[in-house]
Amino acid sequence: MRYLRSFLAAAALSAVLLIAGCGKSDFESNMDVKIQDFEHVNQNNEKVSLDDLKGKVWLADLIFTSCTTVCQPMTKNMADLQKMLKKEGVEDYRIVSFSVDPEVDTPEKLKEYISNFEVDEKKWDLLTGYEQDYIREFAEKNLQTLAIPDPNSNQVTHGTSFYLINKEGKAVKNYSGAEDVPFEEIVQDVKTLVEEK
C-alpha cells in the first residue's frame, strides 16, 4: 500500500512538472504551409534565397513603395517589432518584405523606402526582381492571401498580415500587421522559435 501511495505521489508530481514544462511556451500555430523555394534580389541588389534563411526564424509581409494606405503603417509596425526584439535580446532572426509591385519597386526604390524608417537593415530584406503573376501566386500558395493589382489605379490589393516562418521554412502563424498588432505576442513567439533546438 505504501509503495502504491509513493508511486501515485510520484506520478502526480511528474504530471504537474510535465504540465508546468508545457506551460512555458504558449506558442500556438494557426498555419502550416511550407514556403516554396525562391531567390530574389533585395534593396542592396543582393540575392536572397530560401536557402539563405534556412535555420533562421523570420517574419514576412507584403508591401509596395507607392502604396497610399496600409504599407507605411505596416512597415512602421514591423520596425517597432524589430526594436522590441532587440530590447528582448533576440538577435538570430530576419525580416523579409516581398514587394507586390515588382515592376515599379526596383532595389533602389526599396532602399529609398526603407530609409524612411529607423531599422536595422542587416536583418531586413525587401525583395523584388520577379513578375507580378509570380508574387500573386506566391502570396496565394505560401501566405494564403491576395496580391492583386487594381486595374483602375497604380495600387495593389494585398494581405496586411505579418507571417512567422520557423527554422524549417514553414509559415506557422499569421498576425494582424496594420492595426491592433499583437506586438508582445509576436515578440514572444519569435523568441520561443529562436530558442527552440
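I started with burial: of the 197 residues in the protein chain, 45% count as buried. Note to self: this is a predicted model.

**Overall layout**

I tallied the secondary structure next and got six helices and 10 strands for the protein chain. Then I looked at the contacts with a separation of 6 or more, and 72% of them come from residues 24 or more positions apart.

**The sheet**

I traced the sheet strand by strand. Six strands form an open sheet, ordered 1-10-9-4-5-6, with mixed pairing. I found strand 1 (33-34) and strand 6 at the edges, where each pairs on one side only.

At the strand 1 edge, I checked the partner: strand 10 (residues 170-176) pairs with strand 1 in the antiparallel sense, over two bridges. Here Lys34 sits opposite Lys170 of strand 10. I also looked at what lies on the sheet. Helix 6 (residues 183-195) packs there and touches strand 4, strand 5, strand 9 (161-165) and strand 10. The direction of helix 6 makes about 165° with that of strand 10.

At the other edge, strand 6 pairs with strand 5 in the parallel sense over four bridges. I picked out Ser97, which stands opposite Leu126 in strand 6. Which way do the strand 6 side chains go? I see Trp124 and Leu126 pointing one way and Asp125 and Leu127 the other, and all are buried.

**Helix 4**

I followed the chain between those two strands: strand 5, helix 4 and strand 6 make a right-handed β-α-β unit. Which residues of helix 4 (residues 107-114) are buried? I noted Pro107, Leu110, Tyr113 and Ile114. Looking down the axis of helix 4, I see these buried residues fall within an arc of 120°, so they line one face of the helix. On the face turned away from that buried side I found the exposed residues Glu108 and Glu112.

I then asked what the buried residues of helix 4 pack against. My list reads strand 2 (39-41), strand 4 (57-63), helix 3 (71-87), strand 5 (93-99) and strand 6 (124-127).

**The core**

I finished with the largest nonpolar core, which has 54 residues. Those with the most contacts inside it are Ile35, Phe38, Trp58, Phe98 and Val190. I zoomed in on Trp58, leaving aside neighbours within four places in sequence. Its contacts include Ile35, Phe38 and Phe98, and also Leu50, Leu53 and Val96. From further along the chain I logged Tyr163, Leu164, Ile165 and Asn166 as contacts of Trp58, and Arg94 is on the list too.

Key. Residues are numbered from 1 along each chain as its sequence is written. This is a predicted model: local features need pLDDT of at least 70, side-chain atom pairs count only at pLDDT 80 or more; totals for chains, interfaces and linings use all residues. Side-chain values use heavy atoms; hydrogens and water are left out. Buried means under 20% relative accessible area, exposed over 50%, partly exposed in between (1.4 Å probe, protein chains only). The arc is that of the directions from the helix axis to the C-beta atoms. Contact means heavy atoms within 4.5 Å. A nonpolar core is a set of buried Ala, Val, Leu, Ile, Met, Phe, Trp, Tyr and Cys residues joined through side-chain atoms within 4.5 Å. Two strands pair if DSSP finds at least two bridges between them. A crossover is right-handed if, with the strands pointing away from the viewer, the path from the first strand over the helix to the second runs clockwise. Axes are lines fitted to C-alpha atoms, for helices over the stretch in contact, and angles run from 0 to 180 degrees between N-to-C directions.
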